[in-house]
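Visitor: I'm new to this. Could you show me how to read a structure, one feature at a time?

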Amino acid sequence: MTDGAAEKLNLDELEFSFPESKIRELKNNGADSTIVGQDRALKAIELGLGIEGEGYNIFVMGAPGTGRRTVISSLLQNYKPNFAKLQDIAYAYNFSRPIEPIALFFPAGEGRLFRKKIKKAVGHIHTQTLALLKSEGFLAEQKKIVTKTDNEENILLMEFESKMLHVGFKVLQIKDENNQSLDLIPIIKGKEISFSELQSKAARKKFSEQELTALREKYYASLDEMSELFSILRDKRIEMDEKLIKHQKDSVMPIIKEALDPLRKLVDSYTTKYDNPKQIEDNKKILLFLKKTEEDLINRMNIYSSEFKSSRIKKNFFGRYLINLICENSNDKNYVINENLPSFTNLFGTIESHSDSDAPEINGHLRIREGAVHRAFGGYLIVRLHDLLEEDDSWSYLKRVLQSGKIEVQMPPSGNHSPSVFKPEALPANFKIIIIGGEYTYDILYQEDPDFYKLFKVCAEFDSVMQKNDKNIASLIHLTEYLCKEKKALNFDDSGYSRLISYASELAGSRHLLTAQFTKISDLIIEADFNAKQQKKDTICAAVLNGTIEKRRYLHSLPEEKFAEMVHLGEILIDVSGRKLAKINGLAVEERGYHSFGVPVSVTAQASPGTGGIINIEREAGLSGEIYDKAHLIITSLLREKFSKDIPLSISASICFEQSYSYIDGDSASCAEFLALISAIGGFEMRQDIAVTGSLNQHGMVQPVGGITEKIEGFFNTCKILGFTGTQGVMIPVSNKNNLFLSKEVKEAVKEGKFNIWTIKTIGEGIKLLSGLQEEVYTWMISQRLEEFYKKVNEISLRKD
């Protein structure tokens, strides 16, 4: 097939603007919404919000500034859950296992009242108990029990003393510094005499040994009787203490029951007041807690029956009966939680350490602190993926929560925390999570994590561009009006809107598209408002916007100016006139993230007979990427297809980007490389006043590339520095025509005939333009030279043989 000729673009094809008349038509047609151009993402989010099934959490993916948070906030701004399905949740003391606090579930809004009432009830029990124990009636009854026991003891002692006198002994009380005891002393002829004196008399024969022995036997027998008496007295004392305790319990129990009964009635009312079948089982658990509280208050009555030694001891004692409300619901509560610092503690809560390391179980349930997942119960938790992944263990534990459907409050797994012995009861993960990630993040996680899809079944993908149609243009106009009002900026006039829409297409990189990165639009409005007010303007017009855009470019263009300076000083070797062998002006784009600009690059080639193939110098130096290397292989394939079909390709050649010392990737230079290579092979010169960009396929079709406007303006600026000849220009793929957004200066130069832009469909059209040769001529020259290479290689091979 014969190639056509390169097409030179006229000024009308380079011009791009949006008619002001269309602005006036669309101005009043915009939908009253700040959500623009994200219909697919919107429907995905609505799906995730509407389905309550397991795993229907939402992953929002897209470039920053595309309205991800705006859309979510807009859809959830009036969100209110079904209050009847919500529950307040509190941790309470576990009387059986204090290190495992239990969870109590209340109807929504009832937890605070229960907490208030139980605190008041416990305080009332303490106050009334102290008052009761000081009352005359109570003390009189206690005294009565004590007096009765004392009287019984006195009678027994008197009977014992009388019996001892009858057998010849007197009960003697012995006192020393610390103790008091009883002993028996013999009575002989009405007088008290000790055994030591009787022993002395017996030694002097004044007392019978037989009588002394008999007296000793009576003494020991009486001591046994006295021991039995003391045992009886101890039993009576124990019995008295039991009666005193029983009397105290019997007296205090009505106080405890009276104080806790209103709480029981409150819990019973939940069943009739709230239509929630689950609450019936939860009520049983609350009533069991109240029962154990009552039993514990009765059993530990001796502790609070007197004043506490300190407020800390009192607080610790009564703290076990209080509840720790971890999740509370109210009509004015925000059920959409944005967690901007998703650390482990902020997300999942923690257990505060106790000041007394020897007794960590003291009121551990009161040291449990809720996290964002608890505050989001019944609603939505929103976090950024980047923030989540930066925090240790947060992502892995969040997945565990979503997989198990349970939240266990624990100390952070890492850090300086000592391991906690506490294991609070796990809570149901009654919330949905919305994660906001950047471009391709859902795809990466989907591929790397086999469980990811089970947890995030909805992906809302935000596009960075949208179709340029009347609906989206009208919505963009409305959004601009909204942003101006919100930021107290000047209003746009029709020329301002026209320039804004053109700029939105420029940001999108296509005349058929508009940008959906509205942060950039918002920034432009703020800066244009500043400039307009400085210029004493009443509105933001096209001139103000143009000045604002140019000022922003100027602020970022320092590297561009440095490159221009090197061109001017001759440090960058670029020819923009004449013809050269095996040399083409390629075009590249220097990226700074927030700013990019085009630069011309000399692409050179060498060719000779051999079997080394075509060497990519950038690849050999480790400066090329995979796409660039692929393009290089396509060049070899295309050379064989067009010029060496009948003979083996016998060539040793090299291609190089001159004065390029940084990493190169992409295939946009493949046209320039191919042209330099065939110039080296065919021995014909190529024009240096035309720079080239475009990607090639194996059939010689020229494919579109990125950064087309920057590349054209980059070569234009170089020609301006080195001098215009009137023949200079850029050759681009025809499919890039819709990506042209040239500056006013470039269009003026085209109008004046100083600069030109050509488009090509095939590489043959480019060869014709740059070489000036017809297809049959350059085809013969290249094929003939490749045949010579083949013969030369064969000749050398035969000599070796």
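Guide: Sure! Keep in mind that this is a predicted model. Let's begin with a pair of helices: α18 passes α20 in a right-handed crossing.

Visitor: How do I describe two helices that pack together?

Guide: The general idea is that you give the angle between their axes and the distance between those axes. Here, α18 covers residues 470-486 and α20 covers residues 518-534; they pack at about 50 degrees, and their axes are 10 Å apart.

Visitor: What word fits the way α18 and α20 lie to each other?

Guide: Angles of 35 to 65 degrees fall between roughly parallel and roughly perpendicular, and α18 and α20 are therefore called oblique to each other.

Visitor: Which residues of α18 and α20 meet?

Guide: From α18 you have Leu476, Leu479, Thr480, Leu483 and Cys484, and they meet Phe518, Ser522 and Ile525 of α20. Sorted by class, this contact of α18 with α20 has six nonpolar residues, two polar ones and no charged ones.

Visitor: Let me try another pair. At what angle do α19 and α21 pack?

Guide: About 35 degrees, with axes 7 Å apart; α19 is residues 494-508 and α21 is residues 542-556. On the α19 side, the contact is made by Ser495, Gly496, Arg499, Leu500, Tyr503 and Glu506, while α21 brings Ala542, Leu545, Asn546, Ile549 and Arg553. By class, the α19 contact with α21 has five nonpolar, three polar and three charged residues.

Visitor: Now for the whole chain. Which domains does the domain assignment give?

Guide: A domain can be written as several pieces of chain, so to speak, joined by plus signs. Domain 1 is 17-58 + 463-554, domain 2 is 83-121 + 277-353 + 361-459, domain 3 is 136-264 and domain 4 is 572-795. The C-alpha centres of domain 1 and domain 3 lie 102 Å apart.

Visitor: And which residues does the UniProt annotation "active site" cover?

Guide: The unreviewed UniProt entry puts that label on Ser668 and Lys711. They span 44 residues in sequence, but their C-alpha atoms are no more than 10.7 Å apart, so they gather at one spot.

Visitor: Where does Ser668 lie, and what does Ser668 touch?

Guide: Ser668 is in the loop between β23 (652-657) and α25 (670-682). Leaving out residues up to four places away in sequence, Ser668 touches Leu587, Thr693, Gly694, Ser695, Val705 and Lys711. Lys711 is found in helix α26, residues 708-722.

Visitor: Which residues does UniProt list for "domain: Lon proteolytic"?

Guide: The unreviewed entry lists 597-773. Over those residues the chain is 38% helix and 24% strand, with the end C-alpha atoms 33 Å apart.

Key. Residues are numbered from 1 along each chain as its sequence is written. This is a predicted model: local features need pLDDT of at least 70, side-chain atom pairs count only at pLDDT 80 or more; totals for chains, interfaces and linings use all residues. Side-chain values use heavy atoms; hydrogens and water are left out. Axes are lines fitted to C-alpha atoms, for helices over the stretch in contact, and angles run from 0 to 180 degrees between N-to-C directions. Helices (H or I, at least four residues) and strands (E, at least two) are DSSP runs, numbered from the N terminus. Angles under 35 degrees count as roughly parallel, over 145 as roughly antiparallel, 65 to 115 as roughly perpendicular and the rest as oblique. A crossing is left-handed if the near helix is turned anticlockwise from the far one by less than a right angle, and right-handed if clockwise. Contact means heavy atoms within 4.5 Å. Ala, Val, Leu, Ile, Met, Phe, Trp, Tyr, Cys and Pro count as nonpolar, Asp, Glu, Lys and Arg as charged, and the others, Gly among them, as polar. Domain bounds come from an automatic or database domain assignment. UniProt positions are given in the numbering used here, feature names are shortened, and annotations may be inferred rather than shown by experiment.
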